[in-house]
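Trainee: I should like to learn how to read the features of a protein model. May we go through them in turn?

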Amino acid sequence: MKKELRTTEGAAPVGAYSQGLVVGDFVYTSGMGPLDPETGEIVGDDIETQTHQTMKNLGAVLAAHGLGFDDVIKSTVHLQHLQRDFPAYNEVYKSYFTQPYPVRTTVGSELMNILVEIDFVAHKSA
């Protein structure tokens, strides 16, 4: 059984997908980028600003199910310019977590007008 997570505090889907799904004790988010939840516009033109906005959007989806960044166990990250942006993105990303950090895959991808896209798997502890 799956339950959809939806919040106006995070970026609205721009296609046929949910912001997040709850399946058992797990929450799966869609890949999210640096969109302003109110306007739908891209926030920032540098990797730091776009990563912060992306993390805020993901945090809002987690919060819709009473979770936070400490509940994230896995992330997948797509960077438009992997070699150029990885160090700056990584500094912003790690500021949202405490150790042990979630497991993570980071790849270079052709993204549509954004520099970063991230999705999470989180677990709700009993």
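Mentor: We begin with a definition: helices (H or I, at least four residues) and strands (E, at least two) are DSSP runs, numbered from the N terminus. In this predicted model, local features need pLDDT of at least 70, side-chain atom pairs count only at pLDDT 80 or more, and totals for chains, interfaces and linings use all residues. Residues are numbered from 1 along each chain as its sequence is written, and side-chain values use heavy atoms, without hydrogens and water.

Trainee: In what order do the elements of the protein chain run from the N terminus on?

Mentor: The order is β-β-β-α-β-α-β-β, which comprises two helices and six strands.

Trainee: Which strands does strand 2 pair with?

Mentor: Two strands pair if DSSP finds at least two bridges between them. Strand 2 (residues 20-23) pairs in the antiparallel sense with strand 1 (residues 2-5) over four bridges, and Lys-2 stands opposite Val-23. Four bridges also join strand 2 to strand 3 (residues 26-29), again antiparallel; here Leu-21 has Tyr-28 as its bridge partner. Strands 2 and 3 form a hairpin with two residues between them, and Gly-24 in the turn has a positive phi of about 65°.

Trainee: Which side chains of strand 2 are buried?

Mentor: Buried means under 20% relative accessible area, exposed over 50%, and partly exposed in between (1.4 Å probe, protein chains only). Gly-20 and Val-22 point to one face and are buried, whereas Leu-21 and Val-23 point to the other and are not. Over the protein chain, buried residues make up 40% of the 126 residues.
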